[in-house]
Amino acid sequence: MAIKVHGSVTTTATMRVLASLNEKGLDYEIVPIDLSTGDHKREPFLNLNPFGQVPALEDGDLSLFESRAINRYIAYAYAGQRIPLMCENPKKTAIVSVWMEVEAQKYDPPAIKLTWELVINPTLGIPTDDAAVEEYVPQLAKVLDIYEARLAQSKFLGGDTFTLPDLHHLPTIYYLMGTKIKTVFTSRPHVSAWCADILARPAWQKTIEMKNYK
Ligand SMILES: N[C@@H](CCC(=O)N[C@@H](CS)C(=O)NCC(=O)O)C(=O)O
């Protein structure tokens with residue numbers, strides 16, 4: 001049975017999973033979940049994720065939610081397919097795990113709030129809260145200062161190669177690069193080069209195309 005992704009192709013967490021499936025070149029089916037009608041808060045979706053958030057993934061008899069956990073599964077279950085998104089060496093894996101935690105715990109909280117304020121709310125007709133933007137940009141900048149130092153030493157966050165911690169940033173970087181605060185990324189030379197590099201990946205370009213032709 002083909003892998004099924006239950007989600008909405010414009011949402012950051014669904015895009016995160018599609019990006020890893022595309023990196024692996026896997027076949028999958030998208031089962032659209034319409035957030036505007038509340039599909040995600042009703043059965044049968046709640047059976048896949050009782051928290052009522054997209055995405056959820058089914059691979060045979062395995063059912064998962066939480067985009068980052070799904071991506072770990074994809075990386076390990078399909079380790080031999082195309083590029084490795086995790087490492088086998090325990091020490092290298094530990095470093096990759098550190099930067100995955102950094103993305104989820106330090107980077108994502110301000111980045112997702114800014115994505116809501118600057119990208120999602122305007123599409124819903126909700127005006128941007130400029131005070132919130134002013135509060136979150138310095139928080140994001142502080143994290144990116146640390147990234148700038150890391151990326152001066154290492155081509156990617158997890159090491160010499162592109163791995164899940166890099167991939168997990170793609171949806172919010174993609175959206176925020178189209179906003180007035182993109183200089184928070186582009187003003188830092190190593191961060192800027194890293195963003196350009198990971199955004200140009202064919203698997204990410206495919207993810208964007210799926211969003212544009214939904
Ligand atoms: N930590 C979850 C977050 C999932 C999430 O926030 N999904 C959003 C779309 S990006 C959603 O379903 N929002 C609707 C809601 O929370 O009601 C993950 O990474 O999968």
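How many Å separate the centres of domain 1 and domain 2, taken over C-alpha atoms? Before selecting anything, bear in mind that this is a predicted model, in which the chain averages a pLDDT of 97 and 99% of the residues score at least 70. The model as a whole scores ipTM 0.99 and pTM 0.97.

Begin by colouring residues 3-84 as domain 1 and residues 90-204 as domain 2, the two parts into which the chain is divided. With both coloured, the answer to the opening question can be placed on the screen: the centres of the two domains, taken over C-alpha atoms, are 21 Å apart.

Turn next to the place where the domains meet, where 12 residues of domain 1 are in contact with 13 residues of domain 2. On the domain 1 side, select helix H1 (12-24) and helix H3 (67-77), the elements that each give two or more residues to the side touching domain 2. Of these, H1 gives the most, with seven residues. If you colour that side of domain 1 by class, you will find four nonpolar, four polar and four charged residues.

Now move to helix H5, residues 130-153, whose 24 residues reach 35 Å from the first C-alpha to the last, close to the 34 Å expected at 1.5 Å a residue. Show the side chains of Tyr136, Leu140, Val143, Leu144, Tyr147 and Leu151, which are buried in H5. To see what covers these buried residues, add helix H4 (90-123), helix H7 (183-186) and helix H8 (189-199), which are included in that cover.

Notes:
Residues are numbered from 1 along each chain as its sequence is written. This is a predicted model: local features need pLDDT of at least 70, side-chain atom pairs count only at pLDDT 80 or more; totals for chains, interfaces and linings use all residues. pLDDT is the predictor's confidence in each residue, from 0 to 100. Domain bounds come from an automatic or database domain assignment. Two residues are in contact if their C-beta atoms, placed from the backbone, lie within 7 Å. Helices (H or I, at least four residues) and strands (E, at least two) are DSSP runs, numbered from the N terminus. Ala, Val, Leu, Ile, Met, Phe, Trp, Tyr, Cys and Pro count as nonpolar, Asp, Glu, Lys and Arg as charged, and the others, Gly among them, as polar. The expected span of a helix is 1.5 Å times one less than its number of residues. A residue is buried if 20 or more other C-beta atoms lie within 10 Å of its own, exposed if 12 or fewer, and partly exposed in between; C-beta atoms are placed from the backbone.
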